[in-house]
Amino acid sequence: MAQTTAGIPVSGFKVEVSTNGSAWTNISGAAATVTIEGGDNKVGTQHTAEGAEAIVVSGNKIDPRTITVRSVYTEESGEAFAVVWAQYVATDKVIYLRWCPKGGGAGDFQYTCAVGGAAAAVPIVSCTLPEQDAGAEDVALFEFSVMTPGLLKSAVST
């Protein structure tokens, strides 16, 4: 296979959150990073009395994923911190989250937190307040994490 020419930069992504699954807030103008952990396939092993190697089988079960978004902290209503924090301190601490690694143009793939193959609000695991440092000139950041049992991969329509 020849070397690919279809690589994409890691910096041009789009991130959106929603409280209802239909009206999405684009938080890309504040988002600094998106990291994904988990999603491992459960694998079973068993040694037997004969043979030096273990029997290895796929459990066909996928661990949940934790998606963490690190973002600029602002105190503006409708921006990333205000939207996520309001859900985090609410009685039902869930939010919809989706991101598009390539930037969100028509036909680009996007990944949406899902349950049973359908987009769904998922639990907010944490929502930090910004760390402060009197000797630094950095922009204040916060981060939030959600845990999702699945991801829905789809193409952006518009």
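This is a short tour of a predicted model, with a suggestion at each stop for what to select in your viewer.

**Stop 1: the whole chain**

Start with the full protein chain in cartoon view and colour it by secondary structure. You should find 1 helix and 12 strands. Following the chain from the N terminus, the order of elements is β-β-β-β-β-β-α-β-β-β-β-β-β. The radius of gyration is 19 Å, well over the 15 Å that the globule rule gives for 158 residues, so the chain is more spread out than a compact globule. If you draw a box around the C-alpha atoms along the principal axes, it comes to roughly 65 × 40 × 40 Å. Now switch on a surface: 28% of the 158 residues count as buried.

**Stop 2: the aromatic cluster**

Next, select the side chains of Y73, F81, W85, Y88, F142 and F144, which ring pairs link into a cluster. The aromatic pairs in this model number 7. Begin with Y73 and F81: their ring centres are 4.8 Å apart and their planes meet at 65°, so this pair is edge-to-face.

Keep F81 selected and add F142. Here the ring centres are 5.0 Å apart and the planes stand at 85°, so this pair too is edge-to-face, given that angles over 60 degrees count that way. Zoom out a little to see which elements the two rings belong to. F81 is in helix α1 (residues 80-88) and F142 is in strand β11, so to speak a link between distant parts of the chain, 61 residues apart. Are these two rings buried or exposed? Both F81 and F142 are buried; F81 has a relative accessibility of 9%, under the 20% cut-off, and therefore counts as buried.

**Stop 3: charges over rings**

Leave the cluster and select W24 together with R98. The charged end of R98 sits over the W24 ring, 3.9 Å from the ring centre. Then select F109 and K153 for another view of this kind of contact. K153 lies over the face of F109, and the distance to the ring centre is 4.2 Å.

**Stop 4: the largest pocket**

Now select E131, Q132, V139, A140 and L141. Of the 13 residues that line the largest pocket, these lie nearest its centre. The space inside this pocket is about 280 Å³. Which element gives the largest share of the lining? Strand β11 (residues 141-148) does, with 3 residues. Colour the lining by residue class and you will see a mixture: 6 nonpolar, 2 polar and 5 charged residues.

**Stop 5: an unusual backbone angle**

Select N60 and show its backbone. Although N60 is not a glycine, it has a positive phi of about 55°. You will find N60 in strand β5 (residues 55-62). With a relative accessibility of 64%, N60 counts as exposed.

**Stop 6: towards the N terminus**

Finish by selecting Q3, in the segment before β1 (14-18). Q3 is exposed, and its relative accessible area is 75%. Add G116 and draw a distance between the two C-alpha atoms. Q3 and G116 are 36 Å apart in space and 113 residues apart in sequence.

Terms used: Residues are numbered from 1 along each chain as its sequence is written. This is a predicted model: local features need pLDDT of at least 70, side-chain atom pairs count only at pLDDT 80 or more; totals for chains, interfaces and linings use all residues. Side-chain values use heavy atoms; hydrogens and water are left out. On a 1 Å grid over the protein atoms alone, a cavity is a set of points where a 1.4 Å probe fits but cannot get out, and a pocket is an open set with protein on both sides within 12 Å along at least five of seven lines; lining residues have an atom within 4 Å of a point. Grid points are joined across faces, edges and corners, and a volume is the space filled by probe spheres set on the points. Helices (H or I, at least four residues) and strands (E, at least two) are DSSP runs, numbered from the N terminus. Ala, Val, Leu, Ile, Met, Phe, Trp, Tyr, Cys and Pro count as nonpolar, Asp, Glu, Lys and Arg as charged, and the others, Gly among them, as polar. Rings of Phe, Tyr and Trp (its six-membered ring) pair if their centres lie within 6.5 Å; planes under 30 degrees apart count as stacked, over 60 as edge-to-face and the rest as tilted. Buried means under 20% relative accessible area, exposed over 50%, partly exposed in between (1.4 Å probe, protein chains only). A charge sits over a ring if NZ of Lys or CZ of Arg is within 6 Å of the ring centre and within 35 degrees of the ring normal. The radius of gyration is taken over C-alpha atoms; the globule rule is 2.2 Å times the number of residues to the power 0.38.
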